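Me: Could you take a close look at a single chain of this model and walk me through it carefully, with each term explained as it comes up?

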Amino acid sequence: MQVRDYVVRRLLRLPLVLFAVTVLVFGLSRVGGSPIAIYLEHDFTQEQVEALEERYGVDDPLPVQYVAWLGGVLRGDLGWSGVSVAPVSEVLPARFVATMELALYGMLFAVLFGVSLGTFAGARRNRFADHATRVLTVSGASLPLFWFALLMLILFYVVVPIAPVGRFDEDVYSQIVHFTGFYSLDAVLNLNGAALVDSWRHLALPALVLAFEGMAVIARMMRSSLVEELGEDYVDSARAKGLSERQVIRRHARRNALVPTVTVIGLSLGVLLQGSVVVEIVFRWPGLGQWATDAVLRGDRATVMAFVLVTSIVFLLVNLVVDVVYAYLDRRVVLGT
Amino acid sequence: MTDIAHGGVRAPAPEGRWEAARTRGRRLRDLALQVAKSPSALVGSIVIVLLVGMAVFAPLLVEPNSPDPYQMPRDWSNVNAPPGTPGHPLGTTPDGGDVLYGIVWGARTSLRLAFIVVSITMVVGIAIGSLAGFLGGRWDDILMRVVDVFLAVPELILALAIAAVLGPSFRNIIIAITILGWPKYARIIRGQILHIRENEYVDAAKVIGDSRWRIYRKDILPNAMTPVVVQGTLEAGHVVLFAATLSFIGLAEAGLAEWGNLVSEGREGIIAGRWWVAVFGGLMVFLWSLSFNLVGDGLRDVLDPRTEGR
Amino acid sequence: MARFRSERSRRWVPALVLTIGFLATACPGASTPEGEGGGAETGAGDTGAEVANPGVLIHALGGEPEGLDPARLDEGGRGSRAIIQSYEFLVDIPPEGAALVPGLATEVPSQENGLVSEDGLTYTFPIREGVVFHDGTELTADDVLFSWDRAMTMDLPESQAFKLSETIADMRVVDDFTFEVTLIEPAALFLGTVVYSTPAAIVSQDAVESNGGVVAGEPNEFMDTNMVGTGPYQLVEWERGVRLEFEAFEDYWNGAPPLDATWEVVRDNSVGVLGMQVGDYDIIEPAPQFVEQLQGDDGVCFDESGYLLEPLHLAFNLDIPVDELPDGDTVPNDFFWDKRVRQAFNYAFDYEGYINGVLAGYGAIPTYLAPPVLGYDPDAPKYAQDLAEAERLFRETGWWDRGFTASVLAEQNNDTMIGVGLVLKDSLESLNENFRINVVVVPEARYDEEHGTVPFQYPMWVKNAEPFSDPDQVMQFYYHPDGEWGEVLGFRNGYEDPDEIAARIDEAGQSTDPAEREAMYQEILPLLHEDPMWLWAADEQNVQIFQCWVQDFIYNPLWVMPRWQFYSKG
């Protein structure tokens, strides 16, 4: 099957899955508690509750409410965010960008360290270094992220106070023009070195903490695929030809080993997006994490729906891209099974 | 989720049915031996035994609280006591809950959680995945699309939404995780089934005239199980970690003897210097998760032919 | 393999360099904690040598307003905290004492100065001249009428507009600076509880009319997110989840305040405490258990005057819908009818344990009326833990042997409230094995919803009380058999003589002579003690914590929070 056909098929499937996801969450948010719970105060009488329900159209049957919501989304109206006391569409972009910037830097570290570590271990199969790396990567996958984040916070905030909290330093941040919302990128576009450094200062610790789990997953995959590659025939013949181990790895094995690793790299973005929820809470990063958990706990349906929608879209698109890239790289794979 | 990454593991097909059984028994023994060879898996197994032991023997190790043993006993005159306080070797929580009690009985809570969730999700996942793999065609499509939906949403977010609408309680956390856990198994077993179906001995069985159910039970299922077992082991570790994360975020039950709840209760105090509640709680989650991951890894190495003979 | 190894190390290098470079950028200078999103760098130590952020008062609070419209807000939320900084009322509560003083009115109406009619029905307010709103327009009596009328017209269910609509018969503008109100019936509480209440805040008519106007039954988005009042502080920017920035209003009629102000949103108690220690915040309100940490800090000062007017309490449901109780509850519909059962609960509760444990010592067993409130009697009877007495009462009523299981509803993330439930649970369960108390914790939104359901579907709930400044409010709300809670919780089923209680409360409320009222309340209190409708767990001590460089710190517990206009730094 052509790659193009595959992409088209996947793209067509995407809205369907998205639809199902939104229906699922929409239904869930109605299951327990009132969808207008965010607006309720302690001492409401029954009549007051009913008046509110009428105002917000909760009386309508569920499908009608869903269609109304969907229509709004397509128009760009995501409803009113009770936790933020503002339209969702006003608050969402800044939050989204903050999370994406954190996640992308986390990805950068996860990939860098993961690939290096994986190659390192894979080349030393079953030796001590390999085992030690395995312990490290398994630890990374087992470590409760919230716990790790808390420990790092104590270490670099209390014990050795070098880490700043939050996303930026107000004075520096206000100096630049925000083209994209990505602080580090905007700093570059503004040719402002101080801002760039400021963005990095604040990103450093949360991104590294976030990367830990992703790094473990990537390292593991890289290691096993490198081991597999090194077992292939062409490696033997390359060695026989007289190439050094280093050259063998660098020129051939590693590149091929990267192929299956790509899928994991894509998946790890998903892991990172989830992990960011916890990391943001601990490091007070103004992204989707705190916002969404607040909304979930306080019954702010509009915010929760928007959050789930946005995150799902990112997930699905990333996975699609990963599958396409993988398919492109390795045409031996049977597409669409 | 990507198609590729969930392709599943292939198992070599034995020749005949009788051979399959004998081989299977032998394989189990070999399996255990091979797993034990890996030092990390061995360490993991030992830790699991210790943790499970602590869970099972909890009433003997620490006197059960009454009336509800899963509630930490509270000492209101000794809140936020540091480790070493008389009567509270590991300190107390902001509510005066005894941390040692929370650790020991928390193991029991985790065992219950892992057992319930893994068994239910496995059974449901295998059932649905088998249906999809066996029936094929339209049913396969529909069921797999449902699986897709569950895997499309970040599990943490969905779990939050479910548990939040149901209310903060441990029971609801279990429900939430269970609802989200079965798709992984479904996918695995379906992939396995599709592959195995194509093997000759299954066709041979069809020729002989065996019913589909017998083929399924005797030939397909046992051989498709290996990756499921690996996944189950890993999940036993993962669900406890996941539940702890949900507790941390704010869905914990007041006073429950559960590790994640300990971290939640101790979180704010950390920066105030009251490290013991969250650190001990988190440490236990880490140990549990780590040990199951190590053993699961060990199992996977042994069972995965791509890396066989390493 | 030597070559091999060196090659390996080279692969590591770029990743390591990047990381170290990253971390290195985090090092320069003494990095200090900043607010979420960002904040000014401070170099101040905690010895008070150098004032951090001079010119701005930074108040760290555990959340942000749920809205800013006085016509929409409920009392007790954080919105009303923003209101008192930016809006004003016709009368005011001064820094000290409970007696009202003039606010936007130049005199407090009373019978003595003739501004209250003889029949007590008509109040005349002379309006202050030369007062300017944040949008530059001048205050006239029209704005007053508009503001009150607006709240009553919108009549939003979540608002407190009923306070106006249930007391006021008619309002009119006599002239530009005279405003007249006629009540439905005389009420001693009118000035203290209606005129000084959120829905009666004076807003700028021009601002509202240019931004959506007044629509019956509909909220106004502009007013929800902006404040246009006459108060000393003007809201400049609201960064959601991060901070609200206020500027000193230059044209404030009583003189511009010395400092600008920032409401910093700090949800984590520990982060707040840390921020205090390094000087990032000027005022904080941490949970009681975190106060201790700051005690040893030289730069931090404490104002431990008095108690919050919101005693923590447990409600008894005398109208239990047996079929709708949570699974496992065994109490019958009339469980709390017998006053001995309610007394027994009151005797069983471990007050000391709660105050020392949950409140870290910052609390006391509550009196029925709080100290600044008229009628307060320090000698009025209070309950203390008496397990022997509790046992006796349970035996007498037969519950000792029968046992029971009952649930208490509590709100999530509210440790002081959940603590009441837990202490009750521990107190009763350790008293008798057959007693089971389940503390049901639900998310805030669910709690609000359940709490408003009639009949209430749990045997008990935990909450903190409304901060009332007038005793009649307290009595009507919490004790009157036909009052707000009296009706919902079925007090008539429990009071031995409900009509007597009702009569006494009404009489005291209608009297306009403070001495007479005080005497009446002092007679009522013992009756309420004998036939308790609530379990009063504790009064939280009002501990205000601020940097010692904040000058002139003063706080009246009748305010919802410290008012920034009175403070300076240096």
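Reply: Chain C has 19 helices and 20 strands, where helices (H or I, at least four residues) and strands (E, at least two) are DSSP runs numbered from the N terminus. This is a predicted model, in which local features need pLDDT of at least 70 and side-chain atom pairs count only at pLDDT 80 or more, while totals for chains, interfaces and linings use all residues. Residues are numbered from 1 along each chain as its sequence is written, chains are lettered from A and ligands numbered from 1 in the order in which they are written, and side-chain values use heavy atoms, with hydrogens and water left out.

Turning to the overall form, the C-alpha trace of chain C spans about 95 × 70 × 45 Å along its principal axes. Its radius of gyration is 27 Å, which agrees with the value near 25 Å for a compact globule of 570 residues; the radius is taken over C-alpha atoms, and the globule rule is 2.2 Å times the number of residues to the power 0.38. Of the 570 residues of chain C, 61% count as buried, a word that means under 20% relative accessible area, with exposed meaning over 50% and partly exposed in between (1.4 Å probe, protein chains only).

For one position in detail, C:Pro526 lies in helix α19 (residues 514-530) of chain C. C:Pro526 is partly exposed, because its relative accessible area is 35%. The C-alpha atoms of C:Pro526 and C:Pro381 are separated by 6.4 Å, although these residues are 145 residues apart along the chain.
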